Every structure is written in C-alpha cells, then in structure tokens.
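Notebook open, coffee poured. I want to look up how the chains meet and how one of them is divided into domains.

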Amino acid sequence: MKQHQVYPLFSIIQNLIRTMSETKLYTVSIYTENNIGLLNRISAIFQRRHLNLDSINISVSEIENVSKWTIVLQLSEERMKKVIGQIEKQIEVIKAYYHTEEETIYQESCLFKLRSNLLFDEREIQNIIKESNARIVTVNREFFVIEKSGRKEELELLHRELSVFGIMQFTRSGRIAVTKDEMKISKMLEAFQH
Amino acid sequence: MNTKTLNKEQTKTATTIRISGSEAIIRCLIAEGVDILYGYPGGAIMPVYDELYKFREQIHHVLTRHEQGATHAAQGYARISGKVGVAIATSGPGATNLITGIADAQIDSTPMVCITGQVASHLLGSDAFQETDIIGISTPVTKWNHQVTKASQIPEIIAKAFYIAKSGRPGPVLIDITKDAQFEELDFSYEKCTRVRSYNPVPKTDIDDVKAAALLINSAKKPMIVWGQGVILGKAENELKSIIEKAGIPAAWTILGASAVPTAHPLNIGMVGMHGNYAPNVLTNDCDVLIAIGMRFDDRVTGNLATYAKQAKIIHFDIDPAEIDKNVKTDVSVLGDAKESLSQLLPLLKPNSHTEWHQKFKDLYAIEYEKVIKDDLYPTKEGLTMGEVLKEINIQTKGNAAIVSDVGQHQMIACRYAEFTTTRSNITSGGLGTMGFALPAAIGAKMSAPERDVVAIIGDGGYQMTIQELGTIFQQKVPVKIVVLNNEFLGMVRQWQQLFFDKRYASTEMTNPDFVAIAKGYYIDAQKVTKREDLKNAVAEMMACEGPYFLEVCVEKEGNVFPMIPSGASVSEVRLE
C-alpha cells in the first residue's frame, strides 16, 4: 500500500524540476471583444493555475471595438501553450498569442515624484535625468514629477539611481508590446463572419 | 397577433410586438423549442413566473424542491436528448444554489441555459436583499455568462445563450436578468443566433491530419481506440462503429462515452480508468497506436501520466483545440466535429481483424472474470452485491433502460455492468463527481424521453443529498424507477479508507432512516430487499409499476469495487483485489 503513495510525490517532484528549469518570461497578447466580465474570466485562468502576473495592460487596439491585452508572466512554454488554449477557448476572445522577449518590441512607463529642493541641492539629479532621457512633467515649489519610458531594465536603473535621494511616490505601468510578426486579427474577424 | 401562437415563421419575418421583458424571455424560450424547464420562484424572478403562468399551455415549468435539483434535472433532460436543458431561479441563494449543477455541466460538456433573476439595476452593487454577484461567481464554471439590465437586450442575449450552449463543445450558459429589465417593455422580435464573431465552435477538419492518422492506424499491429462523450455529443456513434468494425480495432470507452457502441459489441472491450476493465487498462500500455476520440485524458482515465501509453503513438480526435496536448502529447491530432472527421477517416482505413491482438483482450477479460466479475454478478457469499442488482436490471429491461447513476461505488458498478443497447443511455456525473446528481437528473431524463425506461441507481449517501426531489417526482408524477443500493456507508470513501488509511473509517458510516417510509410519505410505491431470493420479483414489480417506484436493496456493507488503479499508479498497475 505504502508504495503507491510514493508515485504522486515522485511525479510532483519530477514535474516541479522540469517546469522550474524551463521557465521563461513571456508576453501574452490577447485580442478580445470589449465586454464587462471578461477580465474576471481571463484572470480566473491564471488564478486556477496559481500563476502570478508580472504585469497586465488592457487598451484599445488597431481595430475598432476590439481590446488588446498585454500580459507578462514567467512560466514554462508547455504551460504557456495550455494557458493560451484555455484563453482562446473563451467565447469573447478573438485570438491569443505568446511571444518571447526577442519577438516583441515593448515599452514600459513610470512616474517619479521627488522633492523640488533636490533639483537645487543635488546637482547630480539633473545629470541623471538628462542621461536617462527622462522627461520632466511638472515642477512646483514642493515637488517635481519625471516620466520615463523604456525597457524594464532602464526603468529599474533610474529607480535605483533616484532612490538614494528619496522618492516621494513611484509608479510603473504594465508592459505594452507590439510583435515583429504580423497579427492577422482583421482577417480572422472576417473569417468568423462567414 | 395572437400572443399564444408565435411560430418559427413569424420569428423569421421579425414582426415586432410591444411586450414586457419577462414575456420576451418566455417567447425566446418557446422560439428555441423549450418545452420543459426546471426551476424555483423567488422575488427577483417573479415577473417571469407570472408569464410562465400565462404561457403554461405552451411551456411546462417543473417546480423542483431545490435549485440544485433544477440544474441536474435540466442536465438529465439534455443528456438523454441532446437538447438544451433549461433551469431558472431567483437571485441570491436561488442563483448560488445553481452553481454545483452548472459546474457539473461545464466539466461534462452538457448544453444548459440557466436564467437567474437579479435585483433591479439601480440596486446592483449595493448589497441589496438577495443580491449576489452571480456573474462573478459563475464565471469560472460557465462556457459563457451575461448580465442583462435592459429589456431590449433580452432577445439577442438569449439567442446567443442557446447558440453558445449547444454549439461546438457544449456547455452551460448563465443569463442574469435584472428585475427592472423584466418589467420594462421592448419591441420584440426574435432571430436565432447562428454565429458569434469571436467564437469558432467547430474547427475545420484538416484532411492531411486525417490522412496522417489513417497512415498510423493502417500500419499499426496493436491499435486501440478509447472513445469519450465527444462521440455522443457529435452524433458520431455509427461512424465510430463502422471504423471499429472495418479496421478491427478493439475499442474502450470513458465513463461518459458509455453506451455509444452497444455493450455486447464484440469489439467493445469495456471501460478504461480507475475502476475500468482490466484488459483495456493493462493493454493501454501495450498497444502501438492509441486512438483517442472525443475524450480528454482525465486523470481518472490515465492514472500516472508519466507511465501512460509511453510506447504508443497517440492520435487525438477532438473538437476543442485546448484539449490537444493538454494532458497527453499527441503524435497526430485531428481537430473538428467527430462525425465529420470520423467520416473522413473511414474510407482511408484498410480492413483488418487484428485477431491475435484481440485475443489478448479476451485473455485478460477471462482473468478479470475469474477474479472480479464472477463474484460481483454471481456471488456465493450471503450478502447481496451491487453487481447482481445491475445484472437483474439488465435482464429485466433487456438493456433498453437509460441508467442514471449518482457518484461512488454504485456508479462504478452501474457503468461496469449495465448492458447498453442504445446511445445516450448512461447519464452520470463524470468530471465533477456530484453526489446527489442522479435523482433529479432521472426526473429530467424521464420527462425528456417518456417512452424510455429510466432507472436511477443511487447510493444511500448521494440519495440523501437531493432526496427532497421525491416531492417533484410525486407532484409531476414522473414514472422514474429509483434503486438505492444501501450499504450504510459512503462506500467509495470507505473503500479508500480501507485500502489507504488503515481502515480508519472517519465519518463514512451512515445511520440511515427508513427509506421506504420516506418514499411512501411521498405516495411513491416502495419496497426494501434484503435477501437474494427476493431481488428478481422486486425488480419485476418495479419495472411493471406504471408510476414512480422506489426500491431499496440492502447490499453487503464493506464491498469493494475492483479492478482499481490506485491514485498515482500506472494504468498497467490496475489491481484486481
């Protein structure tokens, strides 16, 4: 009897080792109808599998009334494929893709709120802003706000450099991405009609 | 326009009439061919019930005794007929009580539309009386759901609901309709939905995939088919039978695939899975080509995936792209409707008989017969077995009854030993394993197919989960035959406790009431059998009874179901004792 109980544990460990060793950062692009409740439906797919998302962004797309979702997460390709299958299965999902870092062109954006006196007291701040190609959005007596768009690493670098001076507020957007390959959504929608 | 004769022609011409949202709901249901619906009234759905009263000549509402019963009845209705089952309930607790049935329909791909009432739209989100976020709650267990807050949306959304529920891989759809939308008036016309632009229910079968599958099958020495419910849902029973016969392929079935090919067919080699037959389980790990048709490689079917059919080339026919490679990696996958893809496959197959290979199944069956089947069906010990009850029902119904089973030991016995002659005869909760399914499901099945004998096989545990539906049976005079196999235990859990928890029978022993008295309390004819010699007459009396009948059979208390694949073990490690 005891012997049989070894099997699940063994296969769980085997699976763990396999999935862990192969995980990668994927960018998921989903084209959907713009409907209430779909966010719940899609997020349930990740939640069921205990998958934590790095970021999620939902916006309009190149097609009228079609939403585009950009989700970033870390997992194995095998699981990624299954998740894509489950997402595409949802009635209001038109198409879902997944891509690796190399296959997409992506950006993130962030805002820093800092004390205005730093601009005068810490000369280095101005250099950091210039070198990082960040943009000053607003300045007033108490604080100033800078905006920076770019790759995750650039944003993280700027955050590290500024954090020594004390950041009043910081926020970063989810990734937005376009793919190097074509996405034939319009054609697909036409095909659904016939 | 006569409000009571809205036929199909009229809906096509799209004549509009000014009616309330609630009347529109009923007219939509009639236009979709709904003749029976199951439900329970309450505050937020009362306008619809008022219309049901007016339309009672055209649409028959069955008052169940609990909303869960309504969903299972709708499931039974759908499973035996292939039509969409409909359940209706009020907001709040009425809606949440539907969830088990909806989850069951989702995992077993049963076409069902549930309509729930909701608080008025201005109260949404305010924690109003009997308000619950049923859209949020039902999202993970529905194929689609939608909340209607305007009467004008009703026709389009209900049309879409029926289309989505029954097309492609079927499933449950929930439509939540606020009370103000039920009262509001609209200009009504109805047009059936035939497409949704983001939804491709039936992927086109690629003939190259079919050819690749045929090539593998034709070169196979030891091919084996495992079919599932997809064959029944796709109405591909004849195509499957032709393939099996032409290519001489031994074919096994999953629990939900049962009855698609008659049990007595010489190439029907029985059930796969945890309590399936010995031969198809063992030989899964011996075949050279495994052809899976309309099944999803559930863990109860495959056992340990790491040792499942590793030697075989895998061909997978399925309508749902998400099932391909989900659990078992395929060598050839064929997407599409089973009827379509199997029709394409048939002419490409070479006739074969695989006599030697088939003999292997016969040899292993002989072992299973000696070690398990003989004692199950022809016991020599004193206690009655579940198997002999099934055997008696087989004999007396000549295999023509639809068997509705609950969940547990009796279910495995029913599926193993019921001799089916007709498709859509095995109605059971497969994926979700919902105890309490059978009694209400039998109501739906019998009402959907009144010409058929419907026998519910239920354990003493599951029976008490939805026992209140005896009230529905009594009120509606549904002539279902109810057989409770009473072992005074939650038998399957007890079996596991015996085998894997050193016989620590934690909370599995049942002190049961007088079931016969309860049935008689509902004016249902009933009797109890405790001795073998009384079984035959009792079954005969039950089958001869014109109305509903309750038969309690006291079976041995600690009987076990074998064969059994212990959880986590390989299919070939199936145990016979």
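Before counting anything, I fixed my terms: two residues are in contact if their C-beta atoms, placed from the backbone, lie within 7 Å. I also noted that this is a predicted model.

**Entry 1: chain A against chain B.** How many residues of chain A are in contact with chain B? I got 22 residues of chain A, in contact with 25 residues of chain B. Next I checked which elements give two or more residues to chain A's side, and found helix H1 (2-21), helix H2 (38-48), helix H3 (77-88), strand S4 (93-99) and helix H7 (185-193) of chain A. H1(A) gives the most, with five residues. Sorted by class, the side of chain A that touches chain B has nine nonpolar, eight polar and five charged residues.

**Entry 2: domains of chain B.** The assignment I pulled up gives domain 1 (8-188), domain 2 (207-361) and domain 3 (382-554) of chain B. For domain 1 and domain 2 of chain B, I noted 37 Å between centres, taken over C-alpha atoms. Where those two touch, five residues of domain 1 are in contact with five residues of domain 2. I broke down the domain 1 side of that contact as one nonpolar, two polar and two charged residues.

**Entry 3: UniProt records for chain B.** An unreviewed UniProt entry puts "domain: Thiamine pyrophosphate enzyme central" at residues 210-345 of chain B. That span is 32% helix and 20% strand, and its end C-alpha atoms lie 6 Å apart. I also found "domain: Thiamine pyrophosphate enzyme TPP-binding", again from an unreviewed UniProt entry, covering residues 406-553 of chain B. For residues 406-553 of chain B I wrote down 41% helix and 17% strand, with the end C-alpha atoms 15 Å apart.

Key:
Residues numbered from 1 in each chain as written. Chains lettered and ligands numbered in written order. Predicted model: local features only at pLDDT ≥ 70, side-chain atom pairs only at ≥ 80, totals over all residues. Domains from an automatic or database assignment. Nonpolar A, V, L, I, M, F, W, Y, C, P; charged D, E, K, R; others polar. UniProt positions renumbered as here; feature names shortened; annotations may be inferred. Helix = DSSP H or I, 4+ residues; strand = E, 2+ residues; numbered from the N terminus.
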